[in-house]
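User: I have a new structure to look at and would like to go through its charged pairs. Can you take me through them?

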Amino acid sequence: MSILKIIKKLRINSYELYGNDKAKIQPLSDEHGKLILITSINPTKYGEGKTTLSIGLADSMSKLGKNVVLALREPSMGPVFGLKGGATGGGQSEIVPSEDINLHFTGDFHAITSANNLLCALIDNHLYNGNELNIDENNILFHRCIDMNDRALREITISQEKLKNNIVRKENFVITAASEIMEILCLATNLKDLKNRIKNILIAFSKTGKPILAGDLKAENSMTILLRDAIKPNLVQTLQHTPAIVHGGPFANIAHGCNSIIATKTALSLGDYVITEAGFGADLGAEKFIDLKCREFKLNPAVVVIVLSVRALKAHDSNDRLIGGLDNLSKHIENFQNIFNKNVIVAINKFEDDSDEDIEEIKNFCAKYKVKAILSSPYIDKFGCIELAKEVILSADKKCSRLRFAYDVNDPLTKKIKSLAKNIYGATGVEFSPLALEKIKLYDSLAKHYPIVVAKTQYSLSDDENLKARPKNFKLHVRDIELKNGARFVVVIAGKIALMPGLSRHPNSELMKIDN
């Protein structure tokens, strides 16, 4: 089906075509739809099919006659060529054109990368031309980015050309999906807000300790010009012709893990039901979705779906049983029920070798929490989520419960971090490195009312990926703090997580082929 037919179906008046299968559409904000959040337990390295299930659920709800719109993140080329692969679903539940979406799509990631690196170029140019702002070259906080897994760029030295006034300094790259420009694009409500957030990016401190912002370099207009098209949401469709708005792509383990607020609000304006997903485990993407995105933009999910697979549950158990994974699941369910005050449905993503006994054990376990566990097969069946769709519609149509949060956003930084670690991860306490304590002291007054975004492994409730199931008697280890003044949140870096991922020994790129 041509994308024009989807545009006509949604009664969209303002759009720009990118060929016959993609379009940029004008943002909308007259939202009325019900929001359905898809998340998961702590996953395996291959993921548990949140996107595939989101697509399959949307198609099944559409089959039942509901006006449904998907709101998803754009894939990063890092995972596409790395271990995890693309992020357009799979099998019978896929958004198309999948190759375009997984690679260059409409150029949003390139625009974000270019805007980010323009600011970096302006910083080094300012240093070269006399450093009027007295920037401390050893205290520059804004770094270059690239949309690729490249561990060689984690620590580099730049400006080594032998020129007068050249300042040789250490630098590092982050992946584009973890850059502040990505975060800003996904949290900006319009072009004016985008420009204002860019203006307030904290890029460095002066040698006397004064904060230096991107606005001090007069960077905000040129950077916004590069992002003028990227801020518009992208419209595509599923294989079954359900509309899908795909926009923005921050990672959930090192950024806030949600598609853009513009995409979400536009989808809520166009659909009676909107299905969105928040990356990796519920302790990361879903927590940030609620504590950051829902808090700031007054959103309230009608229902939450936790995706799991038998494979993922058994990965949490050293004896290849379900018990470790069910223990992990229990914490996620309790978080939604007791902390966030949300209704939960569990979706069992069916694989061929799953046994009936394992499925029954999962259902019985969930029943103890008064949660329904529903078998779904979106990969092999284009309407493989019909039973899940019926339960989601039933739950979403009930009165929406009042949303609660994991911490008080007005608390000091240290207290916010401790509350989140205790309430969501189940940690007994938090250990701060001397560097983290120094940064907290520096940022506490600058970021008084900002929410926090924890960067940690997605494979465990703790910051140690080897601690599976539901870890007990552990502490969260905070090694560094970063202030994202433009995005308006604080990043808490825990454990060994890297903001620039590396490729695996045998990445997906080795398996790819192209013909005529």
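Analyst: A salt bridge here is a side-chain nitrogen of Lys or Arg within 4 Å of a carboxyl oxygen of Asp or Glu. Keep in mind that this is a predicted model.

User: OK, how many salt bridges does the structure hold?

Analyst: There are 28 salt bridges. One of them joins the side chains of arginine 295 and aspartate 291, at 3.3 Å from N to O.

User: Where do arginine 295 and aspartate 291 sit, and what separates them?

Analyst: Both are in helix H10, and because they are 4 residues apart there, about one helical turn separates them. Arginine 295 and aspartate 291 are both buried.

User: Which residues are joined into one network by shared partners?

Analyst: Asp124, Arg144, Arg169 and Glu171 are, through salt bridges that share partners.

User: What about glutamate 171 and arginine 144, how far apart are the closest N and O atoms?

Analyst: They are 2.9 Å apart, in a salt bridge. Glutamate 171 belongs to strand E10 and arginine 144 to strand E8, with their positions 27 residues apart, so the pair links distant parts of the chain.

User: Buried or exposed, glutamate 171?

Analyst: Buried, at 3% relative accessible area. Arginine 144 also counts as buried, because its 16% falls under the 20% cut-off.

User: Switching to helices: which residue does arginine 197 pair with?

Analyst: Glutamate 296, with the closest N and O atoms 2.9 Å apart. Arginine 197 is in helix H7 and glutamate 296 in helix H10, so this salt bridge ties together parts 99 residues apart in sequence.

User: And how accessible is arginine 197?

Analyst: Arginine 197 is buried at 1% relative accessibility, whereas glutamate 296 is partly exposed at 30%.

Key: Residues numbered from 1 in each chain as written. Predicted model: local features only at pLDDT ≥ 70, side-chain atom pairs only at ≥ 80, totals over all residues. Heavy atoms only, no water. Helix = DSSP H or I, 4+ residues; strand = E, 2+ residues; numbered from the N terminus. Buried < 20%, exposed > 50% of the residue type's maximum accessible area, 1.4 Å probe, protein only.
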